[in-house]
Amino acid sequence: MAGATQIQQEKQKKAAEVALEAKYTAACKALDSGTCKNIAKAAAHYQVPYYTLRRRYKNLAVPRSRAHKHQQLLTDAQETICHWIKYMGITGHPLSKWSLCMKVGDLSEKLKEKVKSTKKFQSASRAWVEDFLRRHPDIKLAWPTGLNPKCAQMFNFAVVNHHFKLLDDFLKAEGIPWENVYNMDEKGIQLGGGRKCDYTKYLYSRKQKVRIKIQSANLELVTVIECVCADGSNLKPGFVFSGKDVLQEEHFEEDSLLVALSPKGWTSDFISQEWFEKASFHKPRHGILQESPFS
């Protein structure tokens with residue numbers, strides 16, 4: 001929400017600058033054509049500052065967009081960089097601050113001139129990256145989620161569209177309604193939180209030098225079985241804990257939730273079958289027994 005507000009503010013700011021520049025241009029044309037007899041009357045008529053209009057009319061000042069153009073590392077390539085960053089993010093190859101600085105060093109004519117004089121490669125500074133992000137609020141730094149290259153290779157419009165076309169043809173041929181289409185998956189969770197980094201920040205005294213947080217060392221694995229329907233409903237999950245010297249038949253059910261034990265906390269054929277039966281797969285839904293095929 002904050003990012004959208006910032007983008008809207010930047011758009012309004014740019015629109016205001018464009019409108020003000022149009023006023024200065026119209027005032028200068030009015031002075032050249034004699035419509036306005038002097039600068040004071042032109043400034044009052046177009047509602048612009050007198051001294052700024054005077055400097056602009058006498059070519060003592062230039063528009064803000066061109067004022068520091070010779071000092072910019074990238075003049076006309078910033079929008080191209082923005083589109084390129086968005087494209088690389090969509091394709092799963094996002095840029096870091098360091099890679100962006102190196103790319104700007106290859107594109108900037110100003111930095112290339114420094115390379116000729118110093119004989120050393122020059123890249124954009126960290127301050128430039130921060131200014132770049134502030135000027136382009138539609139681009140932000142974020143933590144990525146890992147994606148297997150094989151999954152990424154198959155995740156494109158042609159493959160996904162073909163998959164859903166085959167699925168739709170299969171459901172129509174078999175007479176399976178969408179309310180009988182389910183997707184089941186399992187997720188392994190470590191009770192101690194696992195070894196993944198937690199980037200949550202906590203509050204400490206500023207004078208406290210060593211900042212610690214007690215963390216559980218329990219690495220016991222719990223498997224959660226979940227299943228959702230295409231109409232938005234879901235079946236109640238099943239939980240598999242690790243346990244030894246327990247018969248396969250020894251599990252218990254509470255409110256249609258299956259809680260089972262296995263030597264390593266993993267699922268098995270027996271546990272999966274019990275979960276399917278206990279999860280009310282063939283029980284009436286909304287008082288109507290679904291006799292259509294399932295998928």
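# Notebook: a walk through the model

**Entry 1: Ser-262.** I opened with Ser-262, which sits in strand E5, residues 257-262. A reminder to myself before going on: this is a predicted model. Is Ser-262 buried or exposed? Its relative accessible area is 8%, so I noted Ser-262 as buried. Next I looked up where the side chain goes, and found that it reaches the backbone oxygen of Trp-266 at 2.8 Å. I then set aside the neighbours within four places in sequence and listed what else Ser-262 is in contact with: Val-240, Phe-241, Ser-242, Gly-243 and Ile-271.

**Entry 2: the strands.** Some of those contacts made me curious about strand E3, which covers residues 234-242. I found E3 joined to E2 by 5 bridges, with the two strands running antiparallel. For a register mark I wrote down Val-224, which stands opposite Phe-239 in E3. How many residues lie between the strands in the hairpin of E2 and E3? There are 4, and in this hairpin Gly-232 takes a positive phi near 100°.

I followed E2 to its other partner. Strand E1 (residues 182-190) pairs with strand E2 (residues 221-229) over 9 bridges, again in the antiparallel sense. My register mark for this pair is Glu-186, which stands opposite Ile-225 in E2. A note for reading side chains here: in a regular strand they alternate between the two faces of the sheet.

**Entry 3: helix H5.** I wanted a quick geometry check, and picked helix H5, residues 78-90. With 13 residues at 1.5 Å a residue, H5 should span 18 Å; the end C-alpha atoms are 19 Å apart, so the two agree.

Which residues of H5 are buried? I found Gln-78, Ile-81, Cys-82, Ile-85 and Met-88. They cover an arc of only 135° around the axis, and therefore lie on the same side of H5. The textbook background fits on one line: an α-helix has 3.6 residues a turn, so residues three or four places apart point the same way.

Turning the helix round, I found exposed residues on the face away from the buried side, namely Thr-80, His-83, Tyr-87 and Ile-90. What covers the buried residues of H5? The cover includes helix H6 (97-107) and helix H8 (126-135). After H5 comes Gly-92, with a positive phi near 85°.

**Entry 4: helix H8.** I looked at the packing from the other side too. In H8, I noted Trp-128, Val-129 and Phe-132 as buried. Their arc around the axis is only 100°, which means that they share the same side of H8. The buried residues of H8 pack against H5 and H6, so I can cross-check this with the cover I listed for H5, which includes H6 and H8.

**Entry 5: cysteines.** How many disulfides does a search of the whole structure find? The search returned 0. I still looked at two cysteines one by one. Cys-36 lies in the loop between helix H1 (2-33) and H2. Its relative accessible area is 9%, so Cys-36 is buried. Not counting residues up to four places away in sequence, Cys-36 touches Ala-30, Leu-31, Ala-42 and Tyr-46. Cys-101 has 10% relative accessibility and therefore counts as buried.

**Entry 6: positive phi outside glycine.** I had logged glycines with positive phi, so I went looking at other residue types. Gln-47 is not a glycine, yet its phi is positive, near 60°. I located Gln-47 in the loop between helix H2 (39-46) and helix H3 (50-57). Is Gln-47 buried or exposed? With 64% relative accessibility, Gln-47 counts as exposed.

Asn-59 is another entry for this list, with a positive phi of about 60° in a residue that is not a glycine. Asn-59 has its place in the loop between H3 and helix H4 (64-67). At 68% relative accessibility, Asn-59 counts as exposed.

**Entry 7: totals.** I closed with the overall tallies. The protein chain comes to 11 helices and 5 strands. Of its 295 residues, 21% are buried. I also looked up the contacts between residues at least 6 apart in sequence, and found that 54% of these join residues at least 24 apart.

Note on methods. Residues numbered from 1 in each chain as written. Predicted model: local features only at pLDDT ≥ 70, side-chain atom pairs only at ≥ 80, totals over all residues. Heavy atoms only, no water. Buried < 20%, exposed > 50% of the residue type's maximum accessible area, 1.4 Å probe, protein only. Expected span 1.5 Å × (residues − 1). Arc of directions from axis to C-beta. Contact = heavy atoms within 4.5 Å. Disulfide = S-S within 2.5 Å. Polar contact = N/O pair within 3.5 Å; in protein donor to acceptor, adjacent residues only side chain to side chain. Pairing = 2+ DSSP bridges.
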